[in-house]
Amino acid sequence: MDLATCFKKMKLVEVLAFATVDSDGAPQIRNISAIHYEPDALYFFTARGKNFCKELMEDGSVQILCYTKYKEMIRLSGKAYVVAENEQIKWRDKIFEEQPYLANVYPGDTRNIGIIFCIDNAEIEYFNLGVNPIFRETYTLGDVTIKEKGYRITDSCISCEICKKNCPQRCIDEGTPYIIRQNNCLHCGNCYENCPVKAIERR
Ligand code: SF4
Ligand code: SF4
């Protein structure tokens with residue numbers, strides 16, 4: 001799996017959930033399909049009058065969620081920004097060309113109410129629950145640092161094996177200390193809750 005394949009899957013799923021936070025701190029989620037994918041960026045269309053646009057203009061933080069029929073979750077977390085004025089029409093028309101239904105929603109010149117945002121800095125998490133063991137990996141778009149999540153086993157480990165026996169994905173290997181195979185970990189916390197010497201910490 002890699003970033004390009006994640007983009008291909010997102011394109012195939014077509015309608016994605018975009019989450020923002022409004023000025024009251026409340027989560028807001030919309031389904032968006034007016035998206036164009038480039039290898040190094042993602043462009044999307046909305047209308048300037050929508051609250052979605054207002055929220056993006058205020059902060060830009062956005063999370064996009066894609067779920068395939070194979071139980072794969074792809075989550076992009078990044079910042080969106082308004083594309084430069086002289087590039088707006090180019091990307092808007094490309095999106096309208098790829099998504100013919102948009103000409104029905106915004107016929108003729110009414111598409112001028114549209115605005116194009118770009119995301120070229122983001123973290124993309126791939127999480128596949130349809131394989132055994134489950135598989136996860138994180139990729140970057142642009143210049144971002146991956147935020148580590150989940151759990152790690154520290155040097156306080158006494159090698160008692162309890163975590164290994166309690167792991168639903170059998171993704172803890174023996175060692176000094178024991179070690180979690182991060183690509184196969186659910187982040188469920190069962191090892192953390194059962195360690196008798198509190199040798200496991202959240203990352
Ligand atoms: S339960 Fe704790 S002490 Fe026992 S093997 Fe796992 S991490 Fe080490
Ligand atoms: S968080 Fe869950 S899946 Fe991951 S190592 Fe611990 S018990 Fe296993």
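Strand 9 and strand 10 form a hairpin, with six residues lying between the two strands. In this predicted model, strand 9 covers residues 122-128 and strand 10 covers residues 135-141, and the two pair in the antiparallel sense over seven bridges. One of the residue pairs across this hairpin joins Tyr126 to Glu137, its bridge partner in strand 10.

The hairpin belongs to a wider arrangement. Strand 9 and strand 10 are part of an open sheet of six strands, whose order is 2-1-5-6-9-10 and whose pairing is antiparallel. Strand 2 (27-32) and strand 10 stand at the edges of this sheet; each has a single partner strand, so one side of each is left without a neighbour in the sheet. From one strand to the next, the twist averages 20°. Strands of a sheet pair, in general, through backbone hydrogen bonds, in either a parallel or an antiparallel manner.

Within the six-stranded sheet, strand 5 (residues 61-67) pairs with strand 6 in the antiparallel sense, over seven bridges. Here Cys66 stands opposite Ile74 of strand 6. Helix 1 (residues 3-13) packs on the sheet, where it touches strand 1 (16-21), strand 5, strand 6, strand 9 and strand 10. The direction of helix 1 makes about 105° with that of strand 6. Helix 2 (residues 51-58) lies across strand 1, strand 2 and strand 5, and runs at about 60° to strand 1.

Strand 6 itself spans residues 72-79 and contains Ser77. Is Ser77 buried, exposed or partly exposed? Ser77 has 18 other C-beta atoms within 10 Å; a residue counts as buried at 20 or more and as exposed at 12 or fewer, and Ser77 is therefore partly exposed. Apart from its neighbours within four places in sequence, Ser77 is in contact with Gln63, Ala122 and Glu123. Leu65 is 12 residues from Ser77 in sequence, and the C-alpha atoms of the two are 8.9 Å apart in space.

Attention now turns to the nonpolar cores. The largest of them has 30 residues, among which Cys6, Tyr43, Phe44, Ile74 and Ile124 touch the most other members. Which residues does Ile74 touch, not counting those up to four places away in sequence? Ile74 touches Cys6, Lys9, Met10, Cys66, Ile124 and Tyr126. A second core, separate from this one, consists of 12 residues, including Ile153, Cys163, Cys191 and Ile200.

The model also contains an open sheet of four strands, in the order 3-4-8-7 and with antiparallel pairing. Its edge strands are strand 3 (35-38) and strand 7 (81-82), each of which pairs on one side only. Strand 4 (residues 41-47) and strand 8 (residues 114-119) pair in the antiparallel sense over six bridges. In this pairing, Phe45 stands opposite Ile116 of strand 8.

Two ligands remain to be described. Ligand 1 is surrounded by 14 residues, the closest being Cys157, Cys160, Ile162, Cys163 and Cys195. By class, the shell around ligand 1 comprises 12 nonpolar residues, one polar residue and one charged residue. Ligand 2 is likewise surrounded by 14 residues, of which the closest are Cys167, Cys185, Cys188, Asn190 and Cys191. The shell around ligand 2 has 10 nonpolar and four polar residues, and no charged residues. Cys163, one of the residues closest to ligand 1, is also a member of the second core. Cys191, one of those closest to ligand 2, belongs to that core as well.

Note on methods
Residues numbered from 1 in each chain as written. Chains lettered and ligands numbered in written order. Predicted model: local features only at pLDDT ≥ 70, side-chain atom pairs only at ≥ 80, totals over all residues. Near = placed C-beta within 6 Å. Nonpolar A, V, L, I, M, F, W, Y, C, P; charged D, E, K, R; others polar. Pairing = 2+ DSSP bridges. Core = buried A, V, L, I, M, F, W, Y, C linked by C-beta atoms within 7 Å. Contact = placed C-beta atoms within 7 Å. Axes fitted to C-alpha atoms, helices over the stretch in contact; angles between N-to-C directions.
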